[in-house]
Amino acid sequence: MKDQNRIFVRKNIDLDTICAIWAIRKFVAEKKPVQVLFRSENWKGTGMTDNDLAIGLHAGGKGIVTEGSVFSEVVRRFASEKDWAILKPLIRFVGKTRHIVLEDSAEPEIVASLAFIVFSMKEVGYDDAEILASISSILDDLYKALCKRYEREMDFTELTIIKGPRATVALNDRGGVHRDALLFRSGVEFIVIADERGNLAVLRNKDSSKPILTVYVERILEEVDEPWSYEPEEGKWFYHPEGFILSWSTRKHTAQYKSKVDPLRLAKAVAGIYE
């Protein structure tokens, strides 16, 4: 896209396509002006050059078309690994809203969404170009906010790292899959996740074969009368048969009440320190 910087998209634009155009402007065209041209769904790609892109259009086999989110595909192809991690919450959101029939929805999370804003602008007569400009401006600010969130998550300065006789363990109270991956790459073997919602779990680095459930860890669970099981059960710690997670409550499955285990003491026990 060095010369013409044109993006061809389908008429009657949707949020997924808007986000894809925004991502191309952000990560492919850099600061150069990009001309967006709207075409019918059966357009054959007439007049396209090697420097043009067609989004959500077959365009005679030249376009970027996917069964899933085209925004996700564009970010996957053109953005850095860091920007993928930054935009992941937005990618998930856009993917979830792609197939919602907005006319039939009165759910507050839908009414407040970007998808509903797009729908509403169409209802009151805004054209595709106007909608694209308005939502792109919102996405610029949203990206800045997501960048700040990412930087907070990646700040390890206040992280508790325990180097015991058995292993190096991180007490990671902020969570985040990308953050966990960075910790494991740095040499951490286990991560104890403990957050304000009461989630408490121990994750093992996939490259490690050391068990989480040691004699020290079992003693701590016995002291507070919280047994463990290979099957998820309320009131019990779940220990995966392959040994890569021990959890009372996780980001996906929150327990009804908090564990009585102290996260710091648990982390030390995993590291081989029993207090």
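Author: A residue is buried under 20% relative accessible area, exposed over 50% and partly exposed in between (1.4 Å probe, protein chains only). The model is predicted, so local features need pLDDT of at least 70 and side-chain atom pairs 80 or more, while totals for chains, interfaces and linings use all residues. Residues are numbered from 1 along each chain as its sequence is written, and side-chain values use heavy atoms, without hydrogens or water.

Reader: How many residues of helix H1 are buried?

Author: Helix H1 (a DSSP run of H or I, at least four residues; strands are E runs of at least two, and both are numbered from the N terminus) covers residues 15–27. Its buried residues include Leu15, Asp16, Trp22 and Phe27. The helix is mostly covered, and of its 13 residues the buried number is 11.

Reader: What distance does H1 reach from its first C-alpha to its last?

Author: The expected span is 1.5 Å times one less than the number of residues. For the 13 residues of H1 that expectation is 18 Å, and the model comes close to it, with a reach of 18 Å.

Reader: Which helix or strand supplies the largest share of the largest nonpolar core?

Author: The largest nonpolar core (buried Ala, Val, Leu, Ile, Met, Phe, Trp, Tyr and Cys joined through side-chain atoms within 4.5 Å) has 43 residues, and Ile55, Phe71 and Leu87 have the most contacts inside it. Elements that each supply at least two of its residues include strands E1, E2 and E3 and helices H2, H3, H5 and H6. The largest share, 9 residues, comes from H1.

Reader: Why is strand E5 largely enclosed by the rest of the structure?

Author: On one side of E5, Thr168, Ala170 and Asn172 are buried, and on the other side Val169 and Leu171 are buried too. E5 is therefore largely enclosed, since the number of its 5 residues that are buried is 5.

Reader: Which residue of E6 is the bridge partner of Leu171?

Author: Strands pair if DSSP finds at least two bridges between them. E4 (residues 160–163) is joined to E5 by 4 bridges and runs antiparallel to it, with a hairpin of 4 residues between the two and Ile161 partnered by Ala170. E5 also has 4 bridges to E6 (residues 190–194), and these two strands run parallel. In E6, the partner of Leu171 is Val192.

Reader: Which residues do salt bridges that share partners join into one network?

Author: A salt bridge places a side-chain nitrogen of Lys or Arg within 4 Å of a carboxyl oxygen of Asp or Glu, and the structure holds 11 of them. Glu73 meets Arg76 at 2.6 Å, N to O, and also meets Arg77 at 2.8 Å, N to O. Glu73 is buried at 15% relative accessible area, whereas Arg76 is exposed at 53% and Arg77 is partly exposed at 46%. The shared partners join into one network Glu73, Arg76 and Arg77.

Reader: How many residues apart are Lys82 and Glu151?

Author: The side chains of Lys82 and Glu151 meet in a salt bridge at 3.5 Å, N to O. Lys82 is partly exposed at 41% relative accessibility, and Glu151 is partly exposed as well, at 44%. With Lys82 in helix H3 and Glu151 in helix H6, the pair links distant parts of the chain, and the separation in residues is 69.
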